[in-house]
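This report covers the fold of one chain, then its charged pairs. The structure comes first.

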Amino acid sequence: MNTFLSGVAVLLSTLALVCSGYTAYQVFTLQQTLNSTRTASNILPIPAPIPAVPTAETPTATLAPSPVTAPATTATTSTFSPGQFVQPAFGNKANVELLSVKRIKDPGTGNRDVVNVQIRVRRVATDGVVGSDIISIGSTTARNPDTSETYKAVSFERSTGTVSLFQLRANSSADAYVWLRIPEGVNNLDIFVPDTAAFQSVPISN
């Protein structure tokens, strides 16, 4: 009887040991599966590199050089400085100054045989000026210093007419002009303003 019970006990112990081993194996297998899953979840897939999209280079604008316009050149003209041609008038009652002597085109014929003479009359005297002290700008004449040929005004209407010293206050001035008929090719003039000392060898500007 005791031997039977001992055999049963051994058999039960063996079964228990087998069950324990099987259970331990199942637990180990489950643990390995969990570890594998956890490791796989921790490893992130490396994204494939995004292929670079070639970008078109922005063309650099090339500025064409601006055309350089050369300044217009003018022919050298004869000129004189302010105050170079000043003469007394009516003794010392006034001064007459030539402002410019310039050749222009006759608007009627289109010929360049007219010289425009710009004049400034300044009263100097403070007293002694009378009503008859009048300079007739329209009666101005000229002479060619090389040939002694004389020239007259185009017309009285192509001038300021007259300048009265009596109507000017002391040290005040009045500007006037006269057109003279001067042939082309004449470059210098002797100019004669009435009641005024002569202006000699005055250059004509073009």
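Accessible areas here come from the Shrake-Rupley method with a 1.4 Å probe. On that basis the accessible surface of the chain comes to about 14,300 Å². Carbon and sulfur atoms hold 58% of that surface. The model is predicted.

**Overall make-up**

The chain has 206 residues, and 26% of them are buried. One helix and ten strands are present. From the N terminus on, the order is α-β-β-β-β-β-β-β-β-β-β. Take the contacts with a separation of 6 or more: residues 24 or more positions apart account for 65% of them.

**The sheet 1-2-3-8**

Strands of a sheet pair through backbone hydrogen bonds, either parallel or antiparallel. Which sense applies in the sheet 1-2-3-8? The pairing is antiparallel. This sheet is open and has four strands. Strand 1 (86-89) and strand 8 (173-181) are its edges, each pairing on one side only. From one strand to the next, the twist averages 30 degrees.

Inside the sheet, strand 2 covers residues 94-104 and strand 3 covers residues 114-123. Ten bridges join these two antiparallel strands. One facing pair can be named: alanine 94 stands opposite arginine 123 in strand 3.

**The sheet 6-5-9-10**

Another open sheet of four strands has the order 6-5-9-10. Its pairing is antiparallel. The edge strands are strand 6 (150-151) and strand 10 (199-203), and each of them pairs on one side only. Strand 5 (residues 141-143) pairs with strand 6 over two bridges, in the antiparallel sense. Here alanine 142 stands opposite tyrosine 151 in strand 6.

**A loop residue: asparagine 171**

Where is asparagine 171 found? Asparagine 171 sits in the loop between strand 7 (162-164) and strand 8. Is asparagine 171 buried or exposed? Its relative accessible area is 55%, and exposed means over 50%, so asparagine 171 counts as exposed. Exposure does not leave asparagine 171 without contacts: leaving out residues up to four places away in sequence, asparagine 171 touches Arg122, Arg123 and Val124. Arg123 is the residue that alanine 94 faces across the strand 2 and strand 3 pairing. Threonine 126 lies 45 residues from asparagine 171 along the chain, and their C-alpha atoms are separated by 8.0 Å.

**Salt bridges**

Side chains of opposite charge can pair when their charged atoms come close. How many salt bridges does a search of the whole structure find? The count is five. The table lists three of them, with the distance between the closest N and O atoms.

| Pair | Closest N and O atoms |
|---|---|
| Arginine 181 and aspartate 106 | 2.6 Å |
| Aspartate 113 and arginine 181 | 3.2 Å |
| Aspartate 175 and arginine 120 | 2.7 Å |

Start with arginine 181 and aspartate 106, whose closest N and O atoms are 2.6 Å apart. This pair links distant parts of the chain, 75 residues apart. Arginine 181 is in strand 8, while aspartate 106 is in the loop between strand 2 and strand 3. Arginine 181 is partly exposed, with a relative accessible area of 31%. Aspartate 106 has 9%, and buried means under 20%, so aspartate 106 is buried.

Next comes aspartate 113, which also forms a salt bridge with arginine 181. Aspartate 113 lies in the loop between strand 2 and strand 3 and arginine 181 in strand 8, so this pair ties together parts 68 residues apart in sequence. Aspartate 113 has a relative accessible area of 18% and is therefore buried under the 20% cut-off.

The remaining pair in the table is aspartate 175 with arginine 120. It joins aspartate 175 in strand 8 to arginine 120 in strand 3, 55 residues apart. Aspartate 175 is partly exposed at 46% relative accessibility. Arginine 120 is partly exposed too, at 29%.

Which residues do shared partners join into one network? They are Asp106, Asp113 and Arg181.

How values were computed:
Residues numbered from 1 in each chain as written. Predicted model: local features only at pLDDT ≥ 70, side-chain atom pairs only at ≥ 80, totals over all residues. Heavy atoms only, no water. Pairing = 2+ DSSP bridges. Axes fitted to C-alpha atoms, helices over the stretch in contact; angles between N-to-C directions. Buried < 20%, exposed > 50% of the residue type's maximum accessible area, 1.4 Å probe, protein only. Contact = heavy atoms within 4.5 Å. Salt bridge = Lys/Arg side-chain N within 4 Å of Asp/Glu carboxyl O.
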